[in-house]
Amino acid sequence: MTIPAADDERWMSAALERARIAERAGDVPIGAVVVRDGGIIAQAENRTVRAQDPTAHAEVLAIRDAAAALESWRLTGCTLYVTLEPCAMCAGAIVLARLDRLVFGAWDPKAGMVGSLGDIVRHPRLNHRAEVLGGVLEQRSAELLTQFFRDRRPG
C-alpha cells in the first residue's frame, strides 16, 4: 500500500489534534485516527485517567470505533495513525484487527513494541503483519509528550 508522505502527515496532524484534546483533559497526550479510502472513520485520544481504565489507550479506542463503524472486527484496508509507538497491548490489538498499515510519530524506547523493545506488529510467527512507518511528524509528537511530563514534574 503506497501512501504519499503528504497524506501521512495530514492524518498524523489529525492524530496530534486528538492528542491535544487528551492533554487539555489531563490525560497523556496521545491521539489516534483510523483512515480508510481517504477519510477518517474513527478517532480517539488517551482516556486512561478520565476513564480510570488502563486499556483506554488512543489506539484501542480508535480500533473499537473503527470496527463499530465498519461493523466488522477485520479492519483490512485501514491505516492507524498514532502519535506514539504502540505498547504491547496496542500492538497486539493492531495485529488482531488485521490493520493493513500502522503509522506512528514518536518512538517509545521505554515501552514501544513496534521496533524499540520488540516488534509484535511484524512478528514472523503471527498470522498477520502490518506495514509500519515510524517517525512521521516525530518531533511534534515527541515535544507534546515531553512538555506534558515536564509540566507535571516537581522542581
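Is Leu137 buried or exposed? The exercises below work on a predicted model.

**Exercise 1. Place Leu137 in the structure and judge its burial.**

Step 1. Find the residue. Leu137 sits in the loop that runs between β5 (131-134) and α5.

Step 2. Read its accessibility. The relative accessible area of Leu137 is 17%.

Step 3. Apply the cut-off. Buried means under 20%, so Leu137 is buried.

Step 4. Check the backbone. Leu137 has a phi near 50°, a positive value in a residue other than glycine. Most residues other than glycine have a negative phi.

**Exercise 2. Set Gln52 beside Leu137: where is Gln52, and is it buried or exposed?**

Step 1. Locate Gln52. It belongs to the loop between α2 (48-51) and α3.

Step 2. Look at phi. For Gln52 the value is near 50°, again positive in a residue other than glycine.

Step 3. Read the accessibility. Gln52 has a relative accessible area of 65%. The cut-off for exposed is over 50%, so Gln52 is exposed.

Step 4. Put the two together. Leu137 is buried, whereas Gln52 is exposed.

**Exercise 3. Compare the end-to-end span of α1 with the expected span, then describe the helix.**

Step 1. Count. α1 has 20 residues, and it covers residues 5-24.

Step 2. Work out the expectation. At 1.5 Å a residue, the span should be 28 Å.

Step 3. Compare. The end C-alpha atoms of α1 are 29 Å apart, which agrees.

Step 4. List the buried side. Asp8, Trp11, Met12, Ala14, Ala15, Leu16, Arg18, Ala19 and Ala22 are the buried residues of α1.

Step 5. Add the turn rule. An α-helix has 3.6 residues a turn, so residues three or four places apart point the same way.

Step 6. Go to the end of the helix. Arg24 is in α1, and at 64% relative accessibility it counts as exposed. Arg24 lies 28 Å from Gly92, C-alpha to C-alpha, with their positions 68 residues apart in sequence. Just after α1 comes Gly26, with a positive phi of about 90°.

**Exercise 4. Describe α3 and what it packs against.**

Step 1. Take its length. α3 has 13 residues and reaches 18 Å from first C-alpha to last, close to the 18 Å expected.

Step 2. Name the buried residues. They include Ala58, Glu59, Val60 and Leu61, along with Ala62, Ile63 and Ala66.

Step 3. Find the partners. The buried residues of α3 pack against β1, β2, β3 and α4.

Step 4. Look past the end. Glu71 follows α3 and has a positive phi, near 50°.

**Exercise 5. Which residues have the most contacts inside the largest nonpolar core, and which elements build it?**

Step 1. Start with the principle. In soluble globular proteins, nonpolar side chains tend to be buried together.

Step 2. Size the core. The largest nonpolar core has 33 residues. Val34, Ile63, Leu80, Ile94, Leu99, Leu102 and Val121 have the most contacts inside it.

Step 3. Trace the elements. Two or more residues of this core come from each of β1 (31-36), β2 (39-45), α3 (58-70), β3 (78-84), α4 (88-96) and β4 (101-106). α3 gives the most, with 6 residues.

Step 4. Separate the other core. Another core of 13 residues lies apart from it, and Trp11, Ala14, Ala15 and Leu137 are among its members.

**Exercise 6. Which residues does Gly31 contact beyond its neighbours within four places in sequence?**

Step 1. Place Gly31. It is in strand β1 and is buried, with a relative accessible area of 0%.

Step 2. List the contacts. Leaving those neighbours aside, Gly31 touches Ala15, Arg18, Ala19, Ala44, Glu45, Ala58, Tyr81, Val82 and Thr83.

Step 3. Take one partner. Gly31 and Tyr81 are 50 residues apart in sequence, yet 8.2 Å apart in space, C-alpha to C-alpha.

**Exercise 7. Describe the largest pocket and its lining.**

Step 1. Give the volume. The largest pocket holds about 480 Å³ of space.

Step 2. Count the lining. There are 19 lining residues, and Val28, Leu84, Asp108, Leu145 and Phe149 lie nearest the centre.

Step 3. Sort them. The lining has 10 nonpolar, 4 polar and 5 charged residues.

Step 4. Find the main contributor. Helix α5 (residues 138-152) gives the most to the lining, with 3 residues.

Terms used:
Residues are numbered from 1 along each chain as its sequence is written. This is a predicted model: local features need pLDDT of at least 70, side-chain atom pairs count only at pLDDT 80 or more; totals for chains, interfaces and linings use all residues. Side-chain values use heavy atoms; hydrogens and water are left out. On a 1 Å grid over the protein atoms alone, a cavity is a set of points where a 1.4 Å probe fits but cannot get out, and a pocket is an open set with protein on both sides within 12 Å along at least five of seven lines; lining residues have an atom within 4 Å of a point. Grid points are joined across faces, edges and corners, and a volume is the space filled by probe spheres set on the points. Helices (H or I, at least four residues) and strands (E, at least two) are DSSP runs, numbered from the N terminus. Ala, Val, Leu, Ile, Met, Phe, Trp, Tyr, Cys and Pro count as nonpolar, Asp, Glu, Lys and Arg as charged, and the others, Gly among them, as polar. A nonpolar core is a set of buried Ala, Val, Leu, Ile, Met, Phe, Trp, Tyr and Cys residues joined through side-chain atoms within 4.5 Å. Buried means under 20% relative accessible area, exposed over 50%, partly exposed in between (1.4 Å probe, protein chains only). The expected span of a helix is 1.5 Å times one less than its number of residues. Contact means heavy atoms within 4.5 Å.
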